[in-house]
Every structure is written in structure tokens, then in C-alpha cells.
Amino acid sequence: MYITVQWIKTSWTKRSRGGEAAARRNAAPVGFSLPQMPPGLAHFVQMSERHGFEPRSSQKDLREIGVSLRDEGHRLRVLARVEPLFGLPPRPRRPPAVRLLPEQWVRWQLNYRFTSALGIRGWSYWLDTFNIAYGPVDRDVFLSEPTVIVDERGPVR
């Protein structure tokens, strides 16, 4: 069965925690139209404070994506991996894996918070949004409402 993956990585520092920069960051899309891609690759979109949260699109091998995908015959088992553990903000227990039927898709979001080893550079943050569809899909599928939403965003203070 065909699996379509879009990974959106948004990164910022304390400078984008308020005001106009935060408004731009908060307005960043959580889904994009899909480009033509060969099977086995994911659509990777980076948006960073450094580049004004403008999307920069590329491709990644599915093995490089922080998600466990397992075809179980008539369902796709999806579980976002938490990497790295030390970057997690406090949050309740992790949700179980999602099992998608053909023509369904999930949007899974995780956020992280980091500081330099000595605390000199201050905090940095990132948000991973994984859009994953099972079966053939339209190139604008991730612009619509997902079948399943898993929101693992925690407080980043």
C-alpha cells in the first residue's frame, strides 16, 4: 500500500516568543501541497526564525523521519518517535500508536525545548508536525482536515 509522509519542522528562539515574530510563527501552515516525489521519500519542509518562517522544501528518505511506520496488512500503524528525550517539555503519558485504514491520514505534533550545555545561548525550540496518509492521495490532502489528530505539544515556557 502507498504511504505518503510530510514532515514540517519549525524552529525558533526566545526572540520569537512574542510580538510580530511570534505572530508569523503561529501563522505558519501545518500542511502543504505535495510535490511530485518518488516512492520511499518524504516531503520535508523547514521553517525557521532565521529565515522569517518562510517554508523551505526538500525530500528525505523515510528512514530519516522520526516516525515508526508499519504496514499491518489492512492498516498502517503510526507512532511518532520522541527524539531526543532531553528536549521534551513536561507532558502527560504518550498516546498509543494510531492505526490508519486506507484513505485515512493523521497529523501528529510534538514540540521540544533546548538550552546550550552551559546555558549561555539561551533557549531554542522546535515543533515537528508529521502528516501521514495511507493509500493513494491527492496532492492537496494535507490542506484538508485530518482523520486523526495527535497533539503532543507541551508547555515550553
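Here Ala, Val, Leu, Ile, Met, Phe, Trp, Tyr, Cys and Pro count as nonpolar; Asp, Glu, Lys and Arg count as charged; the others, Gly among them, count as polar. The model is predicted.

**The largest pocket**

The largest pocket holds about 310 Å³ of space. Its lining is made up of 17 residues. Closest to the pocket centre are Ser-11, Trp-12, Ser-48, Glu-49 and Arg-50. Strand 1, strand 2 and strand 8 each give two or more residues to this lining. Strand 1 contributes the most, with four residues. By class, the lining splits as follows.

| Class of lining residue | Number of residues |
|---|---|
| Nonpolar | five residues |
| Polar | six residues |
| Charged | six residues |

**The sheet**

Six strands build an open sheet. Their order is 3-2-1-8-7-9, and the pairing is mixed. Strand 3 (56–61) and strand 9 (148–152) are the edge strands. Each of these two pairs on one side only. On average, neighbouring strands of the sheet are turned by 20° against each other, direction ignored.

**Where pocket and sheet meet**

Strand 1 spans 3–13, strand 2 spans 41–48 and strand 8 spans 123–134. These three pocket-lining strands sit side by side in the sheet order, as 2-1-8. Strand 1 and strand 2 run parallel. Six bridges join them. Within this pair, Thr-10 stands opposite Met-47 of strand 2.

Conventions:
Residues numbered from 1 in each chain as written. Predicted model: local features only at pLDDT ≥ 70, side-chain atom pairs only at ≥ 80, totals over all residues. Heavy atoms only, no water. 1 Å grid on protein atoms, 1.4 Å probe; cavity = no way out; pocket = protein on both sides within 12 Å on 5 of 7 lines; lining within 4 Å. Points joined across faces, edges and corners; volume = space filled by probe spheres on them. Pairing = 2+ DSSP bridges. Axes fitted to C-alpha atoms, helices over the stretch in contact; angles between N-to-C directions.
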